[in-house]
Amino acid sequence: MEQQREGEQPPTRHRRPPVGRRRVLTWLAAGTVAALGGGVVLRQSLAGADEPAARPAPGGGTPAGHQHGTGAPPSASGSPRQPAGPPPPVDQGGRKWSDAKGWGGKVPGPGSAVRITDKVVLDTDAQVGSLLVEKNGSLVFAADRSLTLSSTGNVEVRGVLALAPDGAHTHTLRFPEVDERRFAGGGMTVVDTDTGLWVTGQGYLRLDGAPRTAWVRAATALGPGDTAIRLAAAPAGWQPGDELAVTPTAPPDTDGFSTSYDLVTVKQVDGATVTLTGPLQHAHPRVAVGGGAAFGAEVLNLSRNVRVEGTENGRAHVHLTSSRPADVRHAALRWLGPRADGKESWNGKPVTEPVLGRYGLHFHMLLDASRGTVVEGVVVRDTGSHAFVPHASHGITFRGCISHHTWEDAYWWDGPIDTRTPQGPSDDIAYEGCVASLTVYEPNPRGYRLTGFSLGAGTGSSARDCVAVGVQGATGASGYEWPETSEGVWTFERCLAHNNLENGVFVWLNAEHHHTVTQYAAYHNGGWGIEHGAYLNDFDYTASVLYGNAAGGIAVHALGRDKGTVFDGLLIDAAGQSDYAVATLKHQLAGEPVTLSRSRLTGYRKAGVAFRATDDGRPDDIAVLDCEFGGAKGSELWLDPEAPAPKQILFRPAGQAQTVSLTKGGGQGLAGTPWNAATAPAEAPVPPRAVALPVLAFTDSGPRTGRVTAG
């Protein structure tokens, strides 16, 4: 069966019937609004019938939804980032939902198909069968009341939908009766069976909750039985009743090291001290990794006073194709991302898979129409598919966002259909102080290359001050991934990966561009701090710390493409968790040298650097220059007798002028150290230099965020 690609129309049996005169007449006119009762939901057959999905890209051309309606990825726009302009005003002066006169004598109830073409203020809890806010219409929740709007069918916004309560109240949009088995997935337009929130045409979505500091690190070690947490900074906006997730920090030789979260509730907040309603169940040590940095557990605030949610047994989704940038701030999106039974089984039970295009928060193929969009302080949690998806949508900033307990890659956009096809780009994507926490897969042993942040194709993108923790998965899983056939050029700095089941960083990229990773820290991961592949690429890793990772600090698969990959100025402390600080693995292709320089390697059990390329791989071409070694046991280097003879291994310890080359053969190394190699004098490509240990400059809390300032 041919795989449907996102952007294509769904299969014929799921397509919405054409709009005809009889279908138009099924809408019951009552002034400017229609409602159909009797428990029969009128599906939104008119949705998206006469408006483009997005405005034309700057400089002309076809709308994004039509230009790429076949699902073919758009080319990079090349357009500079454009200011979004002021947000549109939100009119609280519309007629009241509870006023029956505005509805022709009867307020809509459960099963009603509601169509709004004027200005309406929701002033009471309401239940409907479906809702369509037309181009000139608006639905605004009253700011001074706690309100819930429940819809058993789609909510489509072609005008304005605003949930913007004051700090004392909560606004909720809920989808209580989602049947995930009916989802079709895919396509550019609203699908009747795929219940969720759709923002289409020129629709404007404002989810504008009260600001909360997204996360703060604990200032001290935490232990079982603790009922108070002292934070590294006083959080803004935290309230009694807020739900917190305390991340795991224990070493990888501890049972449950990647899953030992505590979910707790706030009883009281007094400055930087948070008192809980119940005790912690797990130990969360504060970890001194070196480089001047010590990390306490991240305490994530999962509560917001704007909520969009399905239910635990019926997940909805949020899908945006509007030409107007949305304002999505301080909202909690829960029980989204539907799944469907796949064709395979595991241990006798069907394995579910995500529904194509139905994710937590999905910006779909907007190209430049999304430029200037800010998603700030948003939580996506308990979601069956990707959390944050800027798919072929440029210029979106995600600031202080949290993905917690989500399935599939958390921060992601659609990958290529095969390894020979490049990924379509999303340009100028910014992740600022965002967290990917407890990212899972079904079944976990098949979660190959699962990641918290998929750093995909495009230009001008950045990840700064982010955290990836508790990512599950199998071989190649990681906190951050540079994925195969999806090369993007990213600014990557001050990011942390810890307590992931496998790796901190995973690179599997044959790159054409030069990439830089700086001020990166990885501790207590179950795999490598950095697993670097695939065949040939050029990366610079600088000023970073790798501490206590179970497999080791760095695994090197790839050799250099043009200039070679460099690991410079690192502190790699195995902390007794691994045999080696650095190991070379199988090189598929011969390439330019890899250099490890001006670094300190310590805490390993057997050797600082192990040359372990398999006997069917290409030979090592690596220089280890001006490094310090501090393993309590073992030697600086070790050459696996099963590895092929190296093309070149250069070694010059810190503080020495002499460089030697290693070749296969028994015997002793310098100063009687057993390297399992013979040595000979050699010339290094650079003169001796001093060790340059990193000094980390991380923040201990999420970025400052605020409300929409106009309207």
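The largest cavity is lined by Ile-554, Val-556, Phe-567, Val-582, Thr-584, Val-594, Thr-595, Leu-596, Val-609, Ile-622 and Ala-623. Keep in mind that this is a predicted model. Besides that cavity, there's a second one, a pocket and a set of ring contacts to look at, so here's a quick tour of the empty space and the aromatics.

**The largest cavity**
- Its volume comes to about 60 Å³.
- Four strands each put at least two residues into the lining: S47 (552-556), S50 (580-584), S51 (594-597) and S54 (621-630).
- S51 chips in the most, with 3 residues.
- The lining splits into 9 nonpolar and 2 polar residues, with no charged ones.

**The second largest cavity**
- The count of cavities of 30 Å³ or more is 2, and the second largest has a volume of about 40 Å³.
- Around it sit Leu-320, Ser-322, Arg-324, Pro-325, Ala-326, Phe-363, Leu-366, Ala-369, Ser-370 and Thr-373.
- Here the lining has 6 nonpolar, 3 polar and 1 charged residues.

**The second largest pocket**
- This pocket has a volume of about 400 Å³.
- It has 20 lining residues, and the ones closest to the centre are Pro-422, Thr-485, Ser-486, Glu-487 and Glu-512.
- By class, the pocket lining breaks down as 7 nonpolar, 9 polar and 4 charged.

**Aromatic pairs**
- The structure has 24 aromatic pairs.
- One of them is Trp-482 with Phe-492, an edge-to-face pair at 5.1 Å centre to centre and 65 degrees between the planes.
- That pair links distant parts of the chain, with Trp-482 in strand S38 (residues 478-482) and Phe-492 in strand S39 (residues 488-493), 10 residues apart.
- Trp-482 counts as buried because its relative accessibility is 2%, under the 20% cut-off, and Phe-492 is buried too, with a relative accessible area of 1%.
- Phe-651 and Trp-675 have ring centres 5.2 Å apart and planes at 85 degrees, so this pair is edge-to-face.
- Phe-651 belongs to strand S56 (residues 648-653), while Trp-675 is in the loop between strand S57 (659-664) and strand S58 (677-682), so the pair ties together parts 24 residues apart in sequence.
- Phe-651 is buried at 0% relative accessibility, and Trp-675 is buried with a relative accessible area of 1%.

**Charges over rings**
- Arg-95 has its charged end over the ring of Trp-103, 4.5 Å from the ring centre.
- Arg-315 does likewise with Trp-407: the charged end sits over the ring, 5.6 Å from its centre.

Conventions
Residues numbered from 1 in each chain as written. Predicted model: local features only at pLDDT ≥ 70, side-chain atom pairs only at ≥ 80, totals over all residues. Heavy atoms only, no water. 1 Å grid on protein atoms, 1.4 Å probe; cavity = no way out; pocket = protein on both sides within 12 Å on 5 of 7 lines; lining within 4 Å. Points joined across faces, edges and corners; volume = space filled by probe spheres on them. Nonpolar A, V, L, I, M, F, W, Y, C, P; charged D, E, K, R; others polar. Phe/Tyr/Trp six-rings, centres within 6.5 Å; stacked < 30°, edge-to-face > 60°. Buried < 20%, exposed > 50% of the residue type's maximum accessible area, 1.4 Å probe, protein only. Lys NZ or Arg CZ within 6 Å of the ring centre and 35° of its normal.
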